[in-house]
Amino acid sequence: MPSQQKPETDIECDVAVIGAGTAGLAAERSARRAGARTLLIDDRFAGTTCASIGCMPSKLLIAAAKTAHSMGVSSQFGIHAGNVTIDGKAVMERVRTLRDAFVASALESIEDLPDSAKLKGLAKFISADRLAVDGRIIHARCVVIATGSRPSIPKMFDGMKNILTNETVFEIDKLPFSLAVVGAGPLGLELAQAFSRLGVDVTVFDEGDTVSALKDHDVAKSLHTLLEREFTIHLGVKINASQSDETTDISWSGASEGKKRFTHVLLAAGRPPNFGGLDLANTGLELDEHGTPVFDSQTMQCGKSSIFIAGDCDAALPVLHEASAEGAIAGNNAACFPDVRPSKRSTPLAITFTDPPSASIGVPAGKNTNVGVSEFSDQGRAKVEGHNAGLIRIYADNEGRLTGATIAAPEGEHFAHMIAWAIEDRQTAMQLLDKPFYHPTYEEGLRSALKHICDQTRLSFGQDRDAGSSPGV
């Protein structure tokens, strides 16, 4: 009996990657580097989330807001800037212009791929090793799911005008007059503070009891207090919304209650995985209670199948460097399947670019954790710069070895990296104290927290080391 030939519309590959974002691009590169025939599938090829609607446009808006804010507080240095005028249209035009340049750069790696290695269209599973893409059938030895995430839009806002998400907020032509931000997580707070500093009347609402997803109560409370100097935050509340002409009325109840009218609403209450239309039921994969495939975080393999997952769609660590790492792991293991090997994952590191920045590093403090505290209200360099506020809490085991930290302090993004690197190297508080600290710098602010840990774990200074502190540290 003659063998059945596949239709001309069929495509064969070793590794099909669904999604051309940060994780998907990393997966395709990794699989191709391992010798696999790859096929990158995306419905738009519009650039990564980071470049188009995430990290970069938000930082462009934050940069404009920081400049406006610095002019507004310059009088503390004896410098009077006079009346500061904010051209909202020009601010948003600059955001989009530079954003588009970042997107163009991200698209270059896709354009460099041969046409045979990329396919535009919506993919859905027919089986674990077959995909349908707009009428074409893809036969893949392995598949990497890297479809990213999407904004969460509560039903109460369906059909309302002037409702924004991170996918639309950077497209507005001018700054809002007033803005309700639903969600006090990293994205909500970054944009809330930026718009507030640009002259927008901002109020933030969240059902939870913390800000910026911080699990350390003391640091979260410190950050909450600092941010409320600039805009209002209502935690522990439930909201209701109703349309009134071109505006939206928000009422809230719970820890506080009230009602206010806003010209715009920004929804920043999470980004669930984007599995729409994938037909995951046809894969035979085990799904968790949220409909996400169960996977191994060290291999990115879904169960024992030939399907792997990476990036924001796995709902684990929704940050760019983790998406990149997961994509590389998934792509390599897909190319080498069934020889799947675990990879070492880096120390968890998440940063929110508010002012002051906040960060979570390593593992949260537990019952037996030793905690060192650095308070920045009287720190020398911070006082010089007029940024003397904030808190750092560093965690260590009983040997004084660093295990994690939570930060809400000036230059927090840099502290976060230092601490993460120290955790990676399994360093103790004393080993860090034995390194050079230049004076006067923000970095000196770590010394008090590290000393607290040394006191708790009985790590002592060498006889030839100064156990004191310089003025203003």
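How many bridges pair β18 with strand β19, and in which sense? Six, in the antiparallel sense, with β19 covering residues 391-396. One of the bridge partners is easy to find: Val371 sits across from Tyr395 in β19.

A quick word on what you're looking at. This is a predicted model, where local features need pLDDT of at least 70 and side-chain atom pairs count only at pLDDT 80 or more, while totals for chains, interfaces and linings use all residues. Residues are numbered from 1 along each chain as its sequence is written, and side-chain values use heavy atoms, with hydrogens and water left out.

Strands (E, at least two residues) and helices (H or I, at least four) are DSSP runs numbered from the N terminus, and two strands pair if DSSP finds at least two bridges between them. In general, strands of a sheet pair through backbone hydrogen bonds, either parallel or antiparallel.

Here are two open sheets, side by side:

| Sheet order | Strands | Pairing | Average angle between neighbouring strands |
|---|---|---|---|
| β11-β12-β13 | three strands | antiparallel | 20 degrees |
| β16-β17-β20-β19-β18 | five strands | antiparallel | 10 degrees, direction ignored |

Angles run from 0 to 180 degrees between N-to-C directions, using axes fitted to C-alpha atoms (for helices, over the stretch in contact).

In the five-stranded sheet, β16 (349-352) and β18 (370-375) are the edge strands, each pairing on one side only. Helix α11 (residues 446-457) lies across β18, β19 and β20 (402-408), and runs at about 155 degrees to β18. Contact here means heavy atoms within 4.5 Å.

Now the three-stranded sheet. β11 (237-244) and β13 each have a single partner strand, so one side of each is left without a neighbour in the sheet. Strands β12 (residues 247-254) and β13 (residues 258-262) run antiparallel and are joined by five bridges. They make a hairpin with three residues between them, and Ser251 stands opposite Lys259 in β13.

Finally, the surface. Met71, Val84 and Ile86 make a nonpolar patch of about 210 Å². Patch members have over 30% relative accessible area and no salt bridge (a Lys or Arg side-chain nitrogen within 4 Å of an Asp or Glu carboxyl oxygen); nonpolar side chains (Val, Leu, Ile, Met, Phe, Trp, Tyr) are joined within 5 Å, like charges within 9 Å. Areas come from the Shrake-Rupley method with a 1.4 Å probe, and for residues only the protein chains shown count as cover. Met71 belongs to helix α3 (residues 55-72).
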